[in-house]
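This briefing introduces the structure shown below to a reader who has not met it before. It goes through charged pairs, the interior, the helices and the surface, in that order.

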Amino acid sequence: MSETATEPAGAPEGEPTTEPTPESPASDAPLGPAGEKALSEWKQRAKAAERAAKEQAARLQEIEDRDKTEVQKAAERATKAEQRATAMVERAARAEVRALAAATFADPSDAAAFLNLSDFVDDDGDIDSKGIEKALADLIKRKPHLAREAAPPSFDGGARTSASKPTSMNELIRQQAGAS
């Protein structure tokens, strides 16, 4: 397709137009009072059109709902409830994976990202915790960099003596003077 320049209806062919093109620097010039007035009028019209469209969409939905039978309405409610239940079961499975992974993974949310959560939920929505534990152990074997780092070794030298009671300044002076 070839691009053709659009010219205003009143301009003769071949003569340059006086309107700035989007590429010219003149298009960044201020609009002036008349331009600002026209712009604000168009903004108001756009807002009014948006409101009217929302009202019409709501009215259309109302008409469609009125024309539906009770069976269709009940089926829609059941579908929405089923979708919410599925989302809640998935959320519960993700929480179970994160809880079980907290002891061995550096970031427990990584475990949920690497596992297919639907594998651990049966048709009744019950979550298989044993299966999750096995899958987490297998994941740690395959990707050891996900594991929590072991605690640093303790270089404790053994039992320590308890601190003696704090002494007062008078007792310190007596000890130094040898008068205790």
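A salt bridge here is a side-chain nitrogen of Lys or Arg lying within 4 Å of a carboxyl oxygen of Asp or Glu. The model is a predicted one, and a search of the whole structure finds 4 salt bridges. Three of the topics below concern helices and what they contribute, and the last turns to residues at the surface.

**Salt bridges within helices**

- Glu62 and Arg59 form a salt bridge, with 3.0 Å between the closest N and O atoms, a distance that falls within the 4 Å cut-off.
- Because Glu62 and Arg59 are 3 residues apart in helix H1, which covers residues 32-67, about one helical turn separates them.
- An α-helix has 3.6 residues a turn, so residues three or four places apart point the same way.
- Neither end of this pair is classed as buried, since Glu62 is partly exposed at 48% relative accessibility and Arg59 is partly exposed at 43%.
- A salt bridge also joins Arg94 to Glu90, where the closest N and O atoms are again 3.0 Å apart, and the two residues lie 4 residues apart in helix H2 (residues 70-101), or about one helical turn.
- Arg94 counts as partly exposed, with a relative accessibility of 30%, and Glu90 is likewise partly exposed, with a relative accessible area of 40%.
- In helix H4, which runs over residues 129-142, Arg142 and Asp138 are 4 residues apart, about one turn of the helix, and they form a salt bridge whose closest N and O atoms are 3.3 Å apart.
- Asp138, with 40% relative accessibility, counts as partly exposed.

**The nonpolar core**

- The largest nonpolar core is made up of 14 residues, and those with the most contacts inside it are Val97, Phe105, Ala111, Leu115 and Leu136.
- At least two residues of this core come from each of H2, helix H3 (108-114) and H4, and H4 gives the most, with 4 residues.
- Once its neighbours within four places in sequence are set aside, Ala111 is in contact with Val97, Ala101, Phe105, Leu136 and Leu139.

**Helix H2**

- Helix H2 has 32 residues and reaches 46 Å from its first C-alpha to its last, which is close to the 46 Å expected at 1.5 Å a residue.
- Ala93, Val97 and Ala101 are buried in H2, and the buried residues of this helix pack against H3 and H4.
- Val97 thus appears in two settings, as a buried residue of H2 and as one of the residues with the most contacts inside the largest nonpolar core.

**Exposed residues and the surface**

- Pro144 is found in the loop between H4 and helix H5 (169-177), and at 56% relative accessibility this proline counts as exposed.
- Although Pro144 and Phe105 are 39 residues apart in sequence, their C-alpha atoms are 9.3 Å apart in space.
- On the surface, Met169, Leu172 and Ile173 form a nonpolar patch that together has about 310 Å² of accessible area.
- Ile173, a member of this patch, lies in helix H5 and is exposed, with a relative accessible area of 52%.

Technical notes. Residues are numbered from 1 along each chain as its sequence is written. This is a predicted model: local features need pLDDT of at least 70, side-chain atom pairs count only at pLDDT 80 or more; totals for chains, interfaces and linings use all residues. Side-chain values use heavy atoms; hydrogens and water are left out. Buried means under 20% relative accessible area, exposed over 50%, partly exposed in between (1.4 Å probe, protein chains only). A nonpolar core is a set of buried Ala, Val, Leu, Ile, Met, Phe, Trp, Tyr and Cys residues joined through side-chain atoms within 4.5 Å. Contact means heavy atoms within 4.5 Å. The expected span of a helix is 1.5 Å times one less than its number of residues. Patches are made of residues with over 30% relative accessible area and no salt bridge: like charges are joined within 9 Å, nonpolar side chains (Val, Leu, Ile, Met, Phe, Trp, Tyr) within 5 Å. Accessible areas come from the Shrake-Rupley method with a 1.4 Å probe; for residues, only the protein chains shown count as cover.
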